Amino acid sequence: MFHILVAEDDRSTRLLLKAVLEKESYTVITAEDGIKALSIIENEHIDLAVIDIMMPNMDGYDLTRTLRENNEELPILMISAKQLPSDKRRGFIVGTDDYMTKPIDEEEMLLRIKALLRRAKIFSERRIVIGDVTLDYDSYTVRKKDEIQELPQKEFQILFKLLSYPGKIFTRIQLMDEIWGPESDTGWETVTVHIGRLRKRFENFSEFEIISVRGLGYKAVKNV
């Protein structure tokens, strides 16, 4: 049973979100401002937080920033009436995992929550299983039945990142920043080289593939 915190100052919206989530068998705890939400997160087990931006005492930006500064890995879905790209950018900069604008599409919200919980499980277990294939982050290995391949660190991290978000397109710059770090002097061409090596290494694996999206970047596709 997953425990979800809803931090929302508008009572009607708070009760609506609570009802929608409880209908899906989630246990829901609510807070009307960021201070109360932070207290709940510090004292109770929470698997995911749905956080509104515009709240009194401590807004959603400050709450998310505080959680990330304390190394809190809690999955966060930020919701807001703010729809400008700059508002969304700020949300991701302070550490949200996803962002939705109001009015909230309930079905889409539930799908996003399921995706966030699935990714959180992947990162807590540090493993991805796709059919007969298992990626183990602690050993940088890819196992398929009795075959085990130990990958160079950067190659493994790229593959793990892509397969953690199947279907999502990552630009070369995004992969450079996340795997090598934004301060790295390495050129983005290095990503192309590593992708080529991964494709060659796993060309006989039917379980997944890495696809180039012309003019954009790369995405992983699961076939099982």
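Which residue in strand 3 is the bridge partner of leucine 5? The legends below take that up in a predicted model.

**View 1. Strand 1 meets strand 3.** Alanine 49 is the strand 3 residue that bridges to leucine 5. Zoom out a little and you get the rest of the pairing: strand 1 (residues 3–7) and strand 3 (residues 48–52) run parallel and are joined by four bridges.

**View 2. The five-stranded open sheet.** Reading across, the strand order is 2-1-3-4-5, and the pairing is parallel. Strand 2 (27–31) and strand 5 (98–101) sit at the edges; each has a single partner strand, so one side of each has no neighbour in the sheet. From one strand to the next, the twist averages 20°.

**View 3. Two helices packed on the sheet.** Helix 1 (residues 11–23) touches strand 1, strand 2 and strand 4 (76–80). Its direction makes about 170° with that of strand 2. Helix 3 (residues 60–69) packs on the sheet too, touching strand 3 and strand 4. Here the angle to check is the one with strand 4, at about 165°.

**View 4. Helix 3 against helix 4.** Helix 4 covers residues 85–94, and its axis lies 8 Å from that of helix 3, with a packing angle of about 25°. Angles under 35 degrees count as roughly parallel, so that is what we call helix 3 and helix 4. On the helix 3 side, the contact is made by Tyr61, Thr64, Arg65 and Arg68. Helix 4 brings Asp87, Arg90, Gly91 and Val94. Sorted by class, that contact has four charged, two polar and two nonpolar residues.

Terms used. Residues numbered from 1 in each chain as written. Predicted model: local features only at pLDDT ≥ 70, side-chain atom pairs only at ≥ 80, totals over all residues. Heavy atoms only, no water. Pairing = 2+ DSSP bridges. Axes fitted to C-alpha atoms, helices over the stretch in contact; angles between N-to-C directions. Contact = heavy atoms within 4.5 Å. Parallel < 35°, antiparallel > 145°, perpendicular 65-115°, else oblique. Nonpolar A, V, L, I, M, F, W, Y, C, P; charged D, E, K, R; others polar.
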